[in-house]
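Okay, thanks for coming, everyone. I'll put the model up and then talk through the cavities, the helix packing and a few backbone oddities.

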Amino acid sequence: MKLSQFKFNLPKELLAEHPAKNRDESRLMVVNRKTGKIEHKVFKDIINYFDNGDVMIMNDTKVFPARMYGNKEKTGAKIEVFLLRELNAESRLWDVLVDPARKIRIGNKLYFGDDETLVAEVIDNTTSRGRTLRFLFDGTYEEFRNCLKNMGETPLPKYIKRKVEPEDEARYQTVFAKNEGAVAAPTAGLHFSRELMKRLEIKGVDFGFVTLHVGLGTFRTVEVEDLTKHKMDSEELEIPEITTQIVNKALDKKRRVCAVGTTSMRAIETSVSTNGHLNPFRGWTNKFIFPPYDFSVANCMITNFHTPESTLIMMVTAFGGYDLIMKAYKEAIKEKYRFYSYGDAMLIL
């Protein structure tokens, strides 16, 4: 497959700037791979497609307030700092993106907070926009993390041009978020309300949780026409033993096993045994899934509507079939479905 095969015209007004009023009332397109049938539903109708013994695999990563604004020493220039990854807790070292990058050099100091409570020194260049910062902070590690949290804001994707609003703190987070470490939300999970999860539970649907800390690499643009040459950034992943037991039991009983989101799908495809069962895992994954690809664990998937040429739409076409998914996307645009992080959902059966 080539990059150009994932080009399509997406009207700007279909990029969702705000979440749906209620989590489980966004729209849902249901795509059946066997029959090719496409249906239009509301997300909470998803309960009608699952039964006792079926499993949903969900990513319980928690988004932290990764976007901060500081000022450069001497000039006072405003600098946006996006926290990507903690490199060393003891030394307070972080990999970050800075904007505008051209103004920031090794040795520069950045000040954060009205009273400049937090100071960071640039100690390395990682990429053209990336830097390594050492935060100069005297308190305990817990106080330092609280300081970052208080100064940071919800890292909404760049396509959302509006200011961060109070509701974003809760809505750009799944209701089952638990393990902090992501700089972007696993967006398919945003559609689940507590009520819907309770109703699924009563129906006998099991939940298996994995933790994949979503990094910005998931959204990095693909710049090579030959997809085999694209390299995904590594993201931290944990698949606990209890989840493998829940999933493997459902597989043995030929139940529905649904990956909720592309991040959950990448997670489970990273750690599969030779007989197609899920193994526990703790480490990093840079798995890039694009057509053609044989999936081992999930037999259905929930996902949002993704942007042209993204690694996410590549994975979805690998799972749903290129022609069928491209047809579904054409219909989604015609029917004015909302795309991207705060957008609508698709269930592929």
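Before I list any residues, let me say what I mean by a cavity and its lining: on a 1 Å grid over the protein atoms alone, a cavity is a set of points where a 1.4 Å probe fits but cannot get out, and lining residues have an atom within 4 Å of a point. And please keep in mind that this is a predicted model.

With that in hand, let's take the second largest cavity. Who lines the second largest cavity? Going along the chain, we have Pro19, Ala20, Asn22, Arg23 and Ser26, then Arg171, then Leu190 and His191, and finally Ser341, Tyr342 and Gly343. Sorted by class, that lining comes out as four nonpolar, five polar and two charged residues. The volume of this second largest cavity is about 80 Å³.

Stepping back, how many cavities of 30 Å³ or more does a search of the whole structure find? The search turns up four. The largest cavity comes in at about 150 Å³. Its lining is made of 16 residues, and the ones nearest the centre are Ala185, Thr187, Thr262, His306 and Leu312. Two elements each give two or more residues to that lining, namely α5, which is 262–270, and β16, which is 300–304. As for chemistry, the lining of the largest cavity has seven nonpolar and nine polar residues, and no charged ones.

Now for the helices. Thr262, which we just met as one of the residues nearest the centre of the largest cavity, also turns up in the contact between α5 and α6. So does Leu312, on the α6 side. Helix α6 covers residues 311–320, and α5 packs on it at an angle of about 65°, with the axes 10 Å apart. The two helices are therefore roughly perpendicular to each other. If you care about handedness, α5 passes α6 in a left-handed crossing. The full contact has Thr262, Met265 and Arg266 from α5 meeting Leu312, Met315, Val316 and Phe319 from α6. By class that's five nonpolar, one polar and one charged.

On to the next pair, α6 and α7, where α7 is residues 322–334. Here the angle is about 120° and the axes are 7 Å apart. That makes α6 oblique to α7. In this case α6 passes α7 in a right-handed crossing. α6 brings Ile313, Val316, Thr317 and Gly320 to the contact, while α7 brings Tyr322, Leu324, Ile325, Met326 and Tyr329. The tally is seven nonpolar, two polar and no charged residues. Val316 is a nice one to click on, as it's in the contact with α5 and also in the contact with α7.

Last bit, the backbone. As a rule, most residues other than glycine have a negative phi, and most peptide bonds are trans. So where are the exceptions to look at? One is the bond from Asp99 to Pro100, which is cis, with omega near 0°. Pro100 sits in the loop between β7 and β8. Another is the bond from Pro291 to Pro292, also cis, with omega near -10°. Pro292 is in the loop between β15 and β16, and β16 is the strand we had in the lining of the largest cavity. Then there's Lys74, with a positive phi of about 70° although it's not a glycine. You'll find Lys74 in the loop between β5 and β6.

That's my tour, thanks.

Notes
Residues are numbered from 1 along each chain as its sequence is written. This is a predicted model: local features need pLDDT of at least 70, side-chain atom pairs count only at pLDDT 80 or more; totals for chains, interfaces and linings use all residues. Side-chain values use heavy atoms; hydrogens and water are left out. On a 1 Å grid over the protein atoms alone, a cavity is a set of points where a 1.4 Å probe fits but cannot get out, and a pocket is an open set with protein on both sides within 12 Å along at least five of seven lines; lining residues have an atom within 4 Å of a point. Grid points are joined across faces, edges and corners, and a volume is the space filled by probe spheres set on the points. Helices (H or I, at least four residues) and strands (E, at least two) are DSSP runs, numbered from the N terminus. Ala, Val, Leu, Ile, Met, Phe, Trp, Tyr, Cys and Pro count as nonpolar, Asp, Glu, Lys and Arg as charged, and the others, Gly among them, as polar. Axes are lines fitted to C-alpha atoms, for helices over the stretch in contact, and angles run from 0 to 180 degrees between N-to-C directions. Angles under 35 degrees count as roughly parallel, over 145 as roughly antiparallel, 65 to 115 as roughly perpendicular and the rest as oblique. A crossing is left-handed if the near helix is turned anticlockwise from the far one by less than a right angle, and right-handed if clockwise. Contact means heavy atoms within 4.5 Å.
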